[in-house]
Amino acid sequence: MTAMAGEADLDLGDRPGLEEVLWQAWKTLELPDGYRAEIVEGFIEVSPTGRRNHARIANRLRDALVLFLVDSGSAAYQDTNVLHGRKVFIPDLIVGPKDIDDIPDPDGLGVEAGGVTLVAEVVSPGHDARKRDLIRKRRAYARAGIPVYVIIDDLDGDGHVTVLTDPHPDRATYEAEIRVPYGTEVTVPEGPAKGFVIGVAITGEPRRG
């Protein structure tokens, strides 16, 4: 229906805001297998699940973290919705309590970001995919106050790992950054995964072009 000029005095004060509209739309999405949807910086972003090497690295990371965290009271999870207000992220991996029910989930749709101590992304190919993980999600995870963000990027030169810490939600930034090339080990500096080493056993050898 098209509104007529005489309807210009309709009261639109009760219209939901953009965040609520996106939230309601996201909850109704039915995607085909192999796709996932997130709400990042005011947009619903639909992306395919990872390719073979993406899966290989993500699984190596999870397997190593499971062993590292075995006696810590924390655990590693994959394919988990992380909620921050009316925003939704699906990191490649998160670290949270061993009993994931310890993280609030008022809507029954995932876990609240406040209970997540580490997120990790294995960067996918493609300009927009890279901007999502390296820029938009970096800001989003900082706004959510997630203490550690690990980025494993096959496509940055010969491959690089970045570990970001000290989030400032009001500025949407991480104040501390360690970035090393594949072949150089980097250690998670804080949280339940403190001391966990990321090296070639997880990333594989430098890509060498």
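This tour moves through a predicted model from the whole chain to its cavity, pockets, salt bridges and a patch on the surface.

**The whole chain**

Begin with the complete protein chain in a cartoon view, where the secondary structure comes to 4 helices and 13 strands. If you turn the model along its principal axes, the C-alpha trace spans about 70 × 40 × 35 Å. The chain has 209 residues, and 41% of them count as buried.

**The cavity**

Next, select Arg36, Pro48, His54, Asp92, Glu121, Val122, Ser124, Arg132 and Asp133, which line the largest cavity. A search of the whole structure finds 1 cavity of 30 Å³ or more, and the volume of the largest cavity is about 40 Å³. Colour strand E8 (118-122) and helix H3 (127-143) as well, since each of these elements supplies at least two residues of the cavity lining. How do the residues of this lining divide by class? There are 2 nonpolar, 2 polar and 5 charged residues in the lining of the largest cavity.

**The largest pocket**

Keep His54 and Ser124 selected and add Arg51, Val123 and Pro125, because these five are the residues that lie nearest the centre of the largest pocket, which is lined by 18 residues. The space in this pocket comes to about 330 Å³. To see where the walls come from, show strand E2 (43-48), helix H2 (52-68) and helix H3, each of which supplies at least two residues of the lining. By class, the lining of the largest pocket has 8 nonpolar, 6 polar and 4 charged residues.

**The second largest pocket**

Now select Arg36, Thr49, His54, Asp79 and Asp92, which lie nearest the centre of the second largest pocket, among the 14 residues that line it. About 270 Å³ of space lies in this pocket. Which element gives the largest share of its lining? That share, 4 residues, comes from helix H2. The lining of the second largest pocket divides into 5 nonpolar, 6 polar and 3 charged residues.

**Salt bridges**

The structure holds 15 salt bridges, and three of them make good stops here. Stay with two residues you have already selected, aspartate 92 and arginine 36, and show their side chains, which meet in a salt bridge with an N to O distance of 3.6 Å. Aspartate 92 lies in the loop between strand E5 (87-89) and strand E6 (93-97), while arginine 36 belongs to strand E1, so the pair ties together parts that are 56 residues apart in sequence. Both aspartate 92 and arginine 36 are buried.

Move on to arginine 136 and glutamate 45, whose side chains also meet in a salt bridge, at 2.8 Å from N to O. Here arginine 136 is part of helix H3 and glutamate 45 part of strand E2, so this pair ties together parts that are 91 residues apart in sequence. Arginine 136 is buried, as is glutamate 45. Adding Asp128 and Arg132 to the selection completes a network, for Glu45, Asp128, Arg132 and Arg136 are linked by salt bridges.

For the third stop, select arginine 171 and glutamate 175, where the side chains form a salt bridge of 3.3 Å, N to O. Are these two residues buried or partly exposed? Arginine 171 counts as partly exposed because its relative accessibility is 46%, and glutamate 175 is likewise partly exposed, with a relative accessible area of 42%.

**A nonpolar patch on the surface**

Finally, switch to a surface view and select Leu29, Leu31, Tyr35 and Val46, which form a nonpolar patch with about 340 Å² of accessible area together. Leucine 31 sits in the loop between helix H1 (18-28) and strand E1 (35-40), and it counts as partly exposed because its relative accessibility is 32%. Valine 46 belongs to strand E2, and with a relative accessible area of 46% this residue is partly exposed too. As a last step, select the C-alpha atoms of valine 46 and arginine 36, which are 5.6 Å apart in space although the two residues are 10 residues apart in sequence.

Technical notes. Residues numbered from 1 in each chain as written. Predicted model: local features only at pLDDT ≥ 70, side-chain atom pairs only at ≥ 80, totals over all residues. Heavy atoms only, no water. Patch = residues over 30% accessible without salt bridge, like charges linked within 9 Å, V, L, I, M, F, W, Y side chains within 5 Å. Areas by Shrake-Rupley, 256 points an atom, 1.4 Å probe, with all protein chains shown as cover. Salt bridge = Lys/Arg side-chain N within 4 Å of Asp/Glu carboxyl O. Buried < 20%, exposed > 50% of the residue type's maximum accessible area, 1.4 Å probe, protein only. 1 Å grid on protein atoms, 1.4 Å probe; cavity = no way out; pocket = protein on both sides within 12 Å on 5 of 7 lines; lining within 4 Å. Points joined across faces, edges and corners; volume = space filled by probe spheres on them. Nonpolar A, V, L, I, M, F, W, Y, C, P; charged D, E, K, R; others polar.
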